[in-house]
Amino acid sequence: MRRSTIQRYGVSLMIVLPIMFVLIALGSQSQTSDADISSSTISSNDTQSEVTEWPNELPPTSTSEVVTSEPSAVATAISTSTPLPTTPKASLPRVGIQVGHWQTEALPDELARLRTSVGAIVGEYTETEVNASIAQRVVAQLQNEGIIVDLLPATIPPAYEADAFVSIHADGSTSTATNGFKLATSWRTSRASQQLHDAIRNEYATATGLPWDPSITVNMRGYYAFSYYRFTHTVARTTPSVIVEMGFLTNPSDRAMMLNEPDRIASGITQGILRYLRERDPHDREALIPPEFKTQRSRSAEGVTIRSRPDENASSTIFAPADARIRPFEERDGWYQVFVRVGEQRAIGWVQKELVVETNDPTPTPLPPLDS
Ligand SMILES: [Zn+2]
């Protein structure tokens, strides 16, 4: 099943990629010379259109922590036979690079609502083309290092297993001044995903000089390809995964770098992946397991304040009455980062662990997705 899926992707990639780049080339030749990028409309914004995941649909608590390994002989979309000099052939790392929005029209029924998610479009530039251009370079750079790489469209193989999965996107904003890059992991982040995130963040900043954009969206963290607890065509629970927004297509400077210095952009991502693979402990299976948290409620009958940062003096994001469900997805220094729903309001913030207690109350009925 998995083998045939991958082989099918391999064939389609080999056929479609060259066609795609020819089309891109043709498209850029036929562009009008007076195209005014700065006044172009943004037909779609990543933060609004491409992902739909609300924290109410967090993974159910699971006791299963089985880490399975994939046979290394499975055919890949693009593979190399060059072994890493210091790594036994049997443990060659495998990396999945996803071209954001590529072939969304072919998404399976479970993701049908994303079939029209084309990403940012600025003038004659589409996010998918930029994503593909960079992703192809990342693939080549990783292959030069002896990594096995799968180049993946929007639809990824069910329960996709790899040593790292990186989804490549470019951002859009209504303001041309907004710039910078950002990365996100899924809501419940394994240590490995966090390490992959940190490594790419560091190397990308060094390679590109682009500023870090801290405005990580709910939609990035709920990216569909991470949501293994909800869909079939996603990464496996234990695949370290990040989504990268390389910069803003709507910002002239970010756009110029993505279009004119694609190797530089790609190398930032590649170096981050290589750093993660170099620094991780491949035997640390625990690092691959996302944390599980029990639903909490206020310890006090008065309720509890959810704060913007893990700091007693931080501003309040919402007040959670005693009956509100408080759903942790991260833990740090005696604090939980949590989702809270109060009436129609939904918020993310931090609460001190000592101010909440576990509750076995049934989970409320999930609300419709955030973007509906
Ligand atoms: Zn995108």
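## The sheet

In this predicted model, 5 strands come together as an open sheet, running in the order β4-β1-β5-β7-β6 with mixed pairing. At the edges sit β4 (148–152) and β6 (182–184), each of which pairs on one side only. Going from one strand to the next, the twist averages 20°.

Which way does β6 pair with β7? The two are antiparallel, with 3 bridges between β6 and β7 (residues 241–248). If you want a spot to look at in the viewer, try L183, which stands opposite V244 in β7.

## Helices on the sheet

Helix α4 (residues 191–208) packs on the sheet and touches β5 (164–171), β6 and β7. The direction of α4 makes about 25° with that of β7.

Helix α7 (residues 262–279) also packs on the sheet, and here the strands touched are β1 (94–99), β5 and β7. Its direction makes about 155° with that of β5. So much for the angles; β5 and β7 turn up in the contact lists of both α4 and α7.

## The nonpolar cores

Now for the inside. The largest nonpolar core has 61 residues, and I97 and I273 are the ones with the most contacts inside it. What does I97 touch, once its neighbours within four places in sequence are set aside? The list is A135, V138, V139, V149, L151, L152, V166 and I168. I97 falls within β1 (94–99), while V149, L151 and L152 from that list belong to the edge strand β4 (148–152).

There's also a second core, separate from the one around I97 and I273, with 15 residues. Among them are V304, I326, V340 and W350.

Definitions and conventions
Residues numbered from 1 in each chain as written. Predicted model: local features only at pLDDT ≥ 70, side-chain atom pairs only at ≥ 80, totals over all residues. Core = buried A, V, L, I, M, F, W, Y, C linked by C-beta atoms within 7 Å. Buried ≥ 20, exposed ≤ 12 C-beta atoms within 10 Å, placed from the backbone. Contact = placed C-beta atoms within 7 Å. Pairing = 2+ DSSP bridges. Helix = DSSP H or I, 4+ residues; strand = E, 2+ residues; numbered from the N terminus. Axes fitted to C-alpha atoms, helices over the stretch in contact; angles between N-to-C directions.
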